[in-house]
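Trainee: Please take a close look at a single position in this model, and set it in the context of the whole chain and of its surroundings.

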Amino acid sequence: MLDLTTPSLLFSAISLILLAYTNRFVSYAGVVRALKESHRKMPDPRNLKQISNLRKRLYLIRSMQILGIMSLLLCVISMFFIYIAWQTPAAWIFGIALLLLAASLCVCIWEINISVKALEIHLEDIGSK
């Protein structure tokens with residue numbers, strides 16, 4: 001049986017995750033701007049690989065954020081249903097919120113793997129010497 005505290009426990013976790021996602025987005029935005037400026041001054045084929053990689057990562061971060069926000073929203077809706085004593089819909093909605101949070105974390109793992117590939121691209125010239 002769900003009570004009001006169960007969905008509310010996810011609030012702090014989801015908020016911290018969303019903060020981490022936003023920080024990643026902000027740092028990538030800075031990298032994109034710097035890379036674009038660098039590429040405009042002196043074109044380099046590696047920059048094109050990095051730009052493609054960053055574009056993919058930005059879209060993944062957007063997906064992570066959307067899934068996290070939807071999870072938080074469904075937790076709120078679940079709490080409302082608990083408040084008005086609709087236990088079964090509240091439980092289902094809370095379950096969906098958990099699945100969305102899990103999906104967000106899975107996309108995060110995917111994005112981290114792509115980030116490692118970006119660092120490998122950046123370090124290619126060092127390894128080839």
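**One position in its helical setting**

Mentor: From the N terminus on, the elements of the protein run α-α-α-α. That makes four helices and zero strands; helices (H or I, at least four residues) and strands (E, at least two) are DSSP runs, numbered from the N terminus. The radius of gyration, taken over C-alpha atoms, is 20 Å, well over the 14 Å that the globule rule gives for 129 residues, so the protein is more spread out than a compact globule. That rule is 2.2 Å times the number of residues to the power 0.38.

This is a predicted model, in which local features need pLDDT of at least 70 and side-chain atom pairs count only at pLDDT 80 or more, while totals for chains, interfaces and linings use all residues. Residues are numbered from 1 along each chain as its sequence is written, and side-chain values use heavy atoms, with hydrogens and water left out.

Along the principal axes, the C-alpha atoms fill a box of roughly 65 × 25 × 20 Å. Helix α1 (residues 5-41) has 37 residues and reaches 55 Å from its first C-alpha to its last, close to the 54 Å expected, where the expected span is 1.5 Å times one less than the number of residues.

The position I would examine is S104, which lies in helix α3 (residues 87-122). S104 counts as buried because its relative accessibility is 0%; buried means under 20% relative accessible area, exposed over 50%, and partly exposed in between (1.4 Å probe, protein chains only). Leaving aside neighbours within four places in sequence, S104 is in contact (heavy atoms within 4.5 Å) with Y21, M64, L67 and G68. One of these partners, Y21, is itself among the buried residues of α1, a set that also includes L18 and Y28. What covers the buried residues of α1 includes α2 (45-83) and α3.

G95 offers a second view of helix α3. Because its relative accessibility is 28%, G95 counts as partly exposed. Its C-alpha atom is separated by 51 Å from that of M42, the two residues being 53 apart along the chain.

For the protein as a whole, buried residues make up 32% of the 129 residues. Among contacts between residues at least 6 apart in sequence, 81% join residues at least 24 apart; the contacts of S104 with Y21, M64, L67 and G68 can be read against that background.
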